Amino acid sequence: MQTPTIAGSAQPKLTRGVRLQTDSKTGNSVLLFPEGVLELNETAQEILTRCDGRTVSEIIQALADEYNVDLEMLAADVRQTLADLQRRKLIELT
C-alpha cells in the first residue's frame, strides 16, 4: 500500500465537533462526532493524543522516541492513520 503524502510540517487537529475521550463502560478511547462514535485502536489513540499543535514530524519523532521503533515504518503508519481519519473528516491538517 502506498504511503499517503502528508507533509511533515502539517499540524493535525480534530475537526470541529469531534472529541477524543474514554468510553466510560469499556475504558477504550473513542472519537465522538455528530454522526456517531469511532472506537480507536491503541496506535490511533497514541497519535491523536499528540495532535495538540505538534507537526506530523514531531508526532512521529515523539512516538519513535517513546516506543523505540523504526522511524520509517512508524512514519508510514502515522501518515496512513491520519489519512484515514482525514478521509472520514474527523481531523483537519493545517
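# A first look at a predicted chain

The protein chain holds 3 helices and 5 strands. What order do these elements follow from the N terminus on? They run β-β-β-β-α-α-α-β. Please keep in mind that this is a predicted model.

**Overall build**

- The radius of gyration of the protein chain is 13 Å, close to the 12 Å that the globule rule gives for 94 residues, so the chain is as compact as a globular protein of that length.
- Measuring along the principal axes is another way to picture the chain: its C-alpha trace spans about 35 × 25 × 25 Å.
- How much of the chain is buried? Of its 94 residues, 37% count as buried.
- The accessible surface of the protein chain adds up to about 6000 Å², and carbon and sulfur atoms make up 46% of that surface.
- Take the contacts in the chain with a separation of 6 or more: 53% of them join residues that are 24 or more positions apart.

**The largest pocket**

- Rolling a probe the size of a water molecule over the atoms shows where empty space is left.
- The largest pocket has a volume of about 220 Å³.
- Which elements give two or more residues to the lining of this pocket? They are helix 1 (42-48), helix 2 (56-67) and helix 3 (71-87).
- To find the pocket in the structure, look for its lining residues: Glu42, Thr43, Glu46, Ile47, Leu63, Tyr67, Val69, Asp70, Met73, Leu74, Asp77 and Val78.
- By type, the lining residues divide into 7 nonpolar, 1 polar and 4 charged.

**Glu46, a residue of the pocket lining**

- Glu46 is found in helix 1, and it is one of the residues that line the largest pocket.
- Is Glu46 buried or exposed? Its relative accessible area is 15%, and buried means under 20%, so Glu46 is buried.
- Leaving aside residues up to four places away in sequence, Glu46 touches Leu63, Glu66 and Tyr67.
- Two of these partners, Leu63 and Tyr67, also appear in the lining of the largest pocket.
- Glu46 and Leu63 are 17 residues apart in sequence, and their C-alpha atoms are 8.0 Å apart in space.

**Thr55, in a loop**

- Where is Thr55? It is found in the loop between helix 1 and helix 2.
- Thr55 has 18% relative accessibility, which is under the 20% limit, so this residue counts as buried.
- Which residues does Thr55 touch, not counting those up to four places away in sequence? They are Gly8, Ser9, Ala10 and Gln11.
- Thr55 and Gln11 are 44 residues apart along the chain, yet 4.4 Å separates their C-alpha atoms.

**Two loop residues with positive phi**

- Asn68 sits in the loop between helix 2 and helix 3.
- Phi of Asn68 is near 50 degrees, a positive value in a residue other than glycine.
- With a relative accessible area of 70%, over the 50% limit, Asn68 is exposed.
- Lys89 belongs to the loop between helix 3 and strand 5 (91-93).
- What is phi of Lys89 near? The angle is near 65 degrees, again a positive value in a residue other than glycine.
- Lys89 has 64% relative accessibility, and exposed means over 50%, so Lys89 counts as exposed.

How values were computed. Residues numbered from 1 in each chain as written. Predicted model: local features only at pLDDT ≥ 70, side-chain atom pairs only at ≥ 80, totals over all residues. Heavy atoms only, no water. 1 Å grid on protein atoms, 1.4 Å probe; cavity = no way out; pocket = protein on both sides within 12 Å on 5 of 7 lines; lining within 4 Å. Points joined across faces, edges and corners; volume = space filled by probe spheres on them. Helix = DSSP H or I, 4+ residues; strand = E, 2+ residues; numbered from the N terminus. Nonpolar A, V, L, I, M, F, W, Y, C, P; charged D, E, K, R; others polar. Rg over C-alpha atoms; globule rule 2.2 N^0.38 Å. Buried < 20%, exposed > 50% of the residue type's maximum accessible area, 1.4 Å probe, protein only. Contact = heavy atoms within 4.5 Å. Areas by Shrake-Rupley, 256 points an atom, 1.4 Å probe, with all protein chains shown as cover.
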